[in-house]
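Biologist: Thanks for joining me. Could we go through this model together, one question at a time?

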Amino acid sequence: MPQPGIGGNLLGTLTGHTNYPGRPSGREFLTRFESLQPNWNDSYGTRVTGFLAPTVSGDYRLAVAADEVAELYLGTGTNAASKALVIGSEVFSRILDFDDR
């Protein structure tokens, strides 16, 4: 069930909040890098951290879909300073709608 959190629909409202990122209102362990819960809540933000370890070398296509705003950062190691924005979206998109925009 959604918990009260930070109001608004701007990413900066979430990332600028005093509780971000160290004191989230909830935590869960993801077995897949996706959330398929439509209409879950308004004014909802999430931060996911983890490791991407491809088993095959080559080119990969990454995508994001979000109700409002989404950003995906990747880094070259465990140091957060190596992260770089690789995908961003500021338009509504349906779940699993990864059409080029």
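Biologist: Happy to start with leucine 52. Where in the chain is leucine 52 found?
Modeller: Keep in mind that this is a predicted model. Going by the elements on either side, helix 1 covers 11–15 and strand 1 covers 70–74. Leucine 52 is found in the loop between helix 1 and strand 1.

Biologist: Is leucine 52 buried or exposed?
Modeller: The cut-off for exposed is a relative accessible area over 50%. Leucine 52 has a relative accessible area of 61%, so leucine 52 is exposed.

Biologist: Which residues form a nonpolar patch on the surface with leucine 52?
Modeller: A residue needs over 30% relative accessible area to join a patch, and leucine 52 has 61%. The patch has about 560 Å² of accessible area together. Its members besides Leu52 are Val56, Tyr60, Leu62, Leu74 and Val86.

Biologist: How far apart in space are leucine 52 and glycine 75?
Modeller: Along the sequence, leucine 52 and glycine 75 are 23 residues apart. In space, C-alpha to C-alpha, the distance between them is 9.6 Å.

Biologist: Let's turn to the interior. Which residues make up the largest nonpolar core?
Modeller: Residues of a nonpolar core are buried, with under 20% relative accessible area. In the protein chain, 8% of the 101 residues count as buried. The largest core has five residues in all: Val64, Ala66, Ala70, Leu72 and Ile87.

Biologist: Which residues does leucine 72 touch, not counting those up to four places away in sequence?
Modeller: Leu72 belongs to the largest nonpolar core, as do Val64 and Ile87. Both Val64 and Ile87 are among the residues that leucine 72 touches. The full set is Phe33, Leu62, Val64, Ala84, Leu85, Val86 and Ile87.

Biologist: What pattern does the protein chain follow along the sequence?
Modeller: There are one helix and two strands to place. Read along the sequence, they give the pattern α-β-β.

Biologist: Does valine 91 count as buried, partly exposed or exposed?
Modeller: Valine 91 lies in the segment after strand 2, which spans 84–89. Partly exposed covers values between the 20% and 50% cut-offs. The relative accessibility of valine 91 is 41%, so valine 91 counts as partly exposed.

Biologist: One last backbone detail: is the peptide bond from tyrosine 20 to proline 21 cis or trans?
Modeller: Proline 21 is found in the loop between helix 1 and strand 1. Omega for the bond from tyrosine 20 is near -5 degrees, and the bond is cis.

Note on methods
Residues numbered from 1 in each chain as written. Predicted model: local features only at pLDDT ≥ 70, side-chain atom pairs only at ≥ 80, totals over all residues. Heavy atoms only, no water. Patch = residues over 30% accessible without salt bridge, like charges linked within 9 Å, V, L, I, M, F, W, Y side chains within 5 Å. Areas by Shrake-Rupley, 256 points an atom, 1.4 Å probe, with all protein chains shown as cover. Salt bridge = Lys/Arg side-chain N within 4 Å of Asp/Glu carboxyl O. Helix = DSSP H or I, 4+ residues; strand = E, 2+ residues; numbered from the N terminus. Buried < 20%, exposed > 50% of the residue type's maximum accessible area, 1.4 Å probe, protein only. Core = buried A, V, L, I, M, F, W, Y, C linked by side-chain atoms within 4.5 Å. Contact = heavy atoms within 4.5 Å.
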